[in-house]
Amino acid sequence: MLIKFDDGTPINLEQMLLAKEKRVENQNQAMICYKHPIISLSLVIPGAIKNSSGARYLFDEAIKTLHHCFLQNDIAIINEDHYHYITGSEAIIAIKCSANVLKKYCIDIENNHPLGRLWDIDVIDIVTQKSLSRSQFDNKPRQCLVCHEIAKLCGRAKRHSIDEIFTAIENKIEKFQQNKSDNNHC
């Protein structure tokens, strides 16, 4: 399967900031309506094109992985909404589970799934109405996709070109697809 990240429309900073505002609005609405912790899923996609066939593939794999986790751990979904904007795909999922337990599962997915580094899975506690941090669970900051240093440091310093980052992303996807096809014979 050919994965492309350049087959979408470029966006600007203002569009991205408006999308973040809309995401917070959607999160708040979900907390008011469902009164349970929520997962807010978005993708880690560099550059100006946030909605592409490659991004949609990553989003669909993230949803499948979350559903598998919920099923394996007998966790009920209260409500699930998907949003596909020019600024990227997002999901807001209200879950019947404690926020702390849910965050541990989501950290496990981000840390251990072959594509987990490309997903941003936030858990928002209904009580505090705040996103739970990885550091609250003794987890290190997320690693750079290219060199495995702390991602925020590489990002701020612009240590890697967009091409280098997309090469790393494409390598992760290729490896994941290869492992998936190798295991399909079971």
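In this predicted model, K180 comes out as partly exposed, with a relative accessible area of 32%. That makes K180 a handy place to start, since its side chain pairs up with a residue from another part of the chain. The partner is E61, and the two form a salt bridge whose closest N and O atoms sit 2.9 Å apart. E61 belongs to helix 2 and K180 to helix 5, so this pair links distant parts of the chain, 119 residues apart. Unlike K180, E61 counts as buried, because its relative accessibility is 5%, and buried means under 20%.

E61 has a second charged partner as well. The side chains of K64 and E61 meet in a salt bridge of 3.2 Å, N to O. This time both residues lie in helix 2, which covers residues 53-72, and they are three residues apart, or about one turn of the helix. Put together, E61, K64 and K180 are linked in a network of salt bridges. Besides K180, what else does E61 touch, once its neighbours within four places in sequence are left aside? The contacts are with L115, W119 and F176, alongside K180 itself.

Pairs like these follow a simple idea: side chains of opposite charge can pair when their charged atoms come close. Across the whole structure, the search turns up six salt bridges. Another one of them joins E90 to R23, with 3.1 Å between the closest N and O atoms. E90 is in strand 3 while R23 is in helix 1, so this salt bridge ties together parts that are 67 residues apart in sequence. Are these two partners buried or exposed? E90 is buried, with a relative accessible area of 1%, and R23 also counts as buried, at 17% relative accessibility.

Next come the nonpolar residues. In soluble globular proteins, nonpolar side chains tend to be buried together. Here the largest nonpolar core has 39 residues, and the members that touch the most others are I39, L41, L58, L66, W119 and I173. Two or more residues each come from strand 1, helix 2, strand 3, helix 3, strand 4 and helix 5. Helix 2 gives the largest share of this core, with nine residues. L66 gives a feel for the packing: not counting residues up to four places away in sequence, L66 touches I39, L41, I93, C106, I109 and I121. Apart from this core lies another one, made of seven residues, among them I38, Y83, I92 and I124. W119, one of the residues with the most core contacts, is also on the list of residues touching E61.

What about the empty space? Rolling a probe the size of a water molecule over the atoms shows where empty space is left. The largest pocket holds about 1800 Å³ of space. Its lining has 50 residues, and K20, L43, V44, D120 and K152 are the ones nearest the centre. Several elements give two or more residues to this lining: helix 1 (13-34), strand 1 (38-43), strand 3 (88-96), helix 3 (99-112), strand 4 (119-124), helix 4 (151-157) and helix 5 (162-183). Which of the elements gives the largest share of the lining? That is helix 1, with seven residues. Sorted by class, the lining of the largest pocket has 21 nonpolar, 14 polar and 15 charged residues.

The second largest pocket contains about 280 Å³ of space. There are 16 residues lining it, with N111, R117, R134, R142 and Q143 nearest its centre. The classes split into five nonpolar, four polar and seven charged residues.

One last spot worth a look is a loop. S52 lies in the loop between strand 1 and helix 2. Even though it is in a loop, S52 counts as buried, with 5% relative accessibility. Which residues does S52 touch, not counting residues up to four places away in sequence? S52 is in contact with K4, F5, D7 and G8.

Terms used
Residues are numbered from 1 along each chain as its sequence is written. This is a predicted model: local features need pLDDT of at least 70, side-chain atom pairs count only at pLDDT 80 or more; totals for chains, interfaces and linings use all residues. Side-chain values use heavy atoms; hydrogens and water are left out. On a 1 Å grid over the protein atoms alone, a cavity is a set of points where a 1.4 Å probe fits but cannot get out, and a pocket is an open set with protein on both sides within 12 Å along at least five of seven lines; lining residues have an atom within 4 Å of a point. Grid points are joined across faces, edges and corners, and a volume is the space filled by probe spheres set on the points. Helices (H or I, at least four residues) and strands (E, at least two) are DSSP runs, numbered from the N terminus. Ala, Val, Leu, Ile, Met, Phe, Trp, Tyr, Cys and Pro count as nonpolar, Asp, Glu, Lys and Arg as charged, and the others, Gly among them, as polar. A salt bridge is a side-chain nitrogen of Lys or Arg within 4 Å of a carboxyl oxygen of Asp or Glu. Buried means under 20% relative accessible area, exposed over 50%, partly exposed in between (1.4 Å probe, protein chains only). Contact means heavy atoms within 4.5 Å. A nonpolar core is a set of buried Ala, Val, Leu, Ile, Met, Phe, Trp, Tyr and Cys residues joined through side-chain atoms within 4.5 Å.
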